[in-house]
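Me: I've got a model open and I'd like to learn how to read its features one by one. Can you walk me through it?

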Amino acid sequence: MEILNVNNLNKSFGELHVLKGVSFTMNKGEVTAVIGSSGGGKTTLLRCLTFLEKADSGSVTIDGDQIVREENGVSVYPKDEELRRRALKVGLVFQDYNLFPHKTVLQNCALAPVTVLKADKQAAAAAAEATLKRVGLGDKLDAYPYQLSGGQKQRVAIARALCMNPSLLCFDEPTSALDPELTAEVLKVIRTLKEQGVTMLIVTHEINFAKEVADTAVFLEKGVILESGNARELIESPKNERTKEFLRKISE
């Protein structure tokens, strides 16, 4: 079942054309890694797919819902309130956590379901507790962010996103701020989520992780997808010369 369909997405900032006709699809339960050098458009792509930015042209369909359609070469978005509602199909885990420092771990995770989805407070708290146990933080429910390691904070951020039951969970360099030991901790959680069938789009520099965990990979260079396909095959035997060069340089 197709969860994501991105068709001919373009995005510019002034004279800078950042995304140039980006198209790809994802199926339910699939993990896709987006790799490429800095400045290639990876984060802009993620921001367009989570509706933090609006594309100039192209369409985006999530779980059968065409949220962004194209008319006369221009992307057309729903009105703001409707866009916010339909955008809940996508969750985003930021690289810098974005936790509320004055709220406990449990409160951080239960807040959005109550305030946005109008969930019952007790039900939201119970669901948040169960989700925190999924990411190995069942013993940190009453802790505050300042009492957590970077890896634990990132796991709270993952749990918070999962509490909204998104069709697609996106990660923006989830381990970029972590040391190797804490990186392994977070990657273990992502592996577990894959085993549980969570559909994930991961912008990452962790090439070995992408090879081992992702089903498919997309190599984005200067706003263009130069190569995509099976993650292990793309990383171990790239066909595009620029992909080969990129992978060779980061392995040196």
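Reply: Sure. Let's begin with a cut-off: a residue is called buried when its relative accessible area is under 20%, exposed when that area is over 50%, and partly exposed in between. Keep in mind that this is a predicted model.

Me: Okay, let's try that on a cysteine. Is Cys-109 buried or exposed?

Reply: Cys-109 is buried, because its relative accessible area is 0%. Cys-163 counts as buried too, at 10% relative accessibility.

Me: And how do I read disulfides? How many does a search of the whole structure find?

Reply: The general idea is that a disulfide is a covalent bond between the sulfur atoms of two cysteines. Here the search finds zero.

Me: Why is there no bond from the sulfur of Cys-109 to the closest cysteine sulfur?

Reply: It comes down to distance. The cut-off is 2.5 Å between the sulfur atoms. For Cys-109 the closest cysteine sulfur belongs to Cys-163, and at 4.8 Å that's too far for a bond. Starting from Cys-163, the closest is the sulfur of Cys-109, again at 4.8 Å.

Me: Next up, helix packing. What should I look at?

Reply: Two packed helices are described by the angle between their axes and the distance between the axes. Take helix H3 (residues 105-115) and H5: they pack at about 25 degrees, with 8 Å between their axes. That makes H3 roughly parallel to H5, since angles under 35 degrees get that label.

Me: Which residues of H3 and H5 make the contact?

Reply: H3 brings Val-105, Asn-108 and Cys-109, while H5 brings Val-156, Ala-159 and Arg-160. Sorted by class, the contact of H3 with H5 has four nonpolar residues, one polar and one charged. As for handedness, H3 passes H5 in a right-handed crossing.

Me: So Cys-109 shows up again. Which residues of H3 are buried?

Reply: Besides Cys-109, the buried residues of H3 are Val-105, Leu-106, Asn-108, Ala-110, Pro-113 and Val-114. What covers them includes helix H4 (121-134) and H5.

Me: Does H5 have another partner I can practise on?

Reply: Yes, try helix H6 (residues 180-195). H5 (residues 150-162) packs against H6 at about 25 degrees, with axes 8 Å apart. That makes H5 roughly parallel to H6. H5 passes H6 in a right-handed crossing. On the H5 side the contact is made by Gly-150, Gly-151, Gln-152, Gln-154, Arg-155, Ile-158 and Leu-162, and on the H6 side by Leu-182, Glu-185, Val-186, Val-189 and Leu-193. Those residues divide into six nonpolar, four polar and two charged.

Me: How many of the residues of helix H1 are buried?

Reply: Six of its eight, so H1 (residues 42-49) is mostly covered. The buried ones are Lys-42, Thr-44, Leu-45, Leu-46, Cys-48 and Leu-49. If you care about backbone torsions, check just after H1, where Phe-51 takes a positive phi of about 65 degrees.

Me: Last one, a loop residue. Where does Glu-206 lie?

Reply: In the loop between strand S9 (200-203) and helix H7 (207-213). Glu-206 is partly exposed, with a relative accessible area of 28%. Leave aside its neighbours within four places in sequence, and Glu-206 is in contact with Thr-175, Thr-183 and Leu-187. For a sense of scale, the C-alpha atoms of Glu-206 and Ala-123 are separated by 36 Å, and these residues are 83 apart along the chain.

Definitions and conventions:
Residues numbered from 1 in each chain as written. Predicted model: local features only at pLDDT ≥ 70, side-chain atom pairs only at ≥ 80, totals over all residues. Heavy atoms only, no water. Buried < 20%, exposed > 50% of the residue type's maximum accessible area, 1.4 Å probe, protein only. Axes fitted to C-alpha atoms, helices over the stretch in contact; angles between N-to-C directions. Helix = DSSP H or I, 4+ residues; strand = E, 2+ residues; numbered from the N terminus. Parallel < 35°, antiparallel > 145°, perpendicular 65-115°, else oblique. Left-handed = near helix turned anticlockwise from the far one by under 90°. Contact = heavy atoms within 4.5 Å. Nonpolar A, V, L, I, M, F, W, Y, C, P; charged D, E, K, R; others polar.
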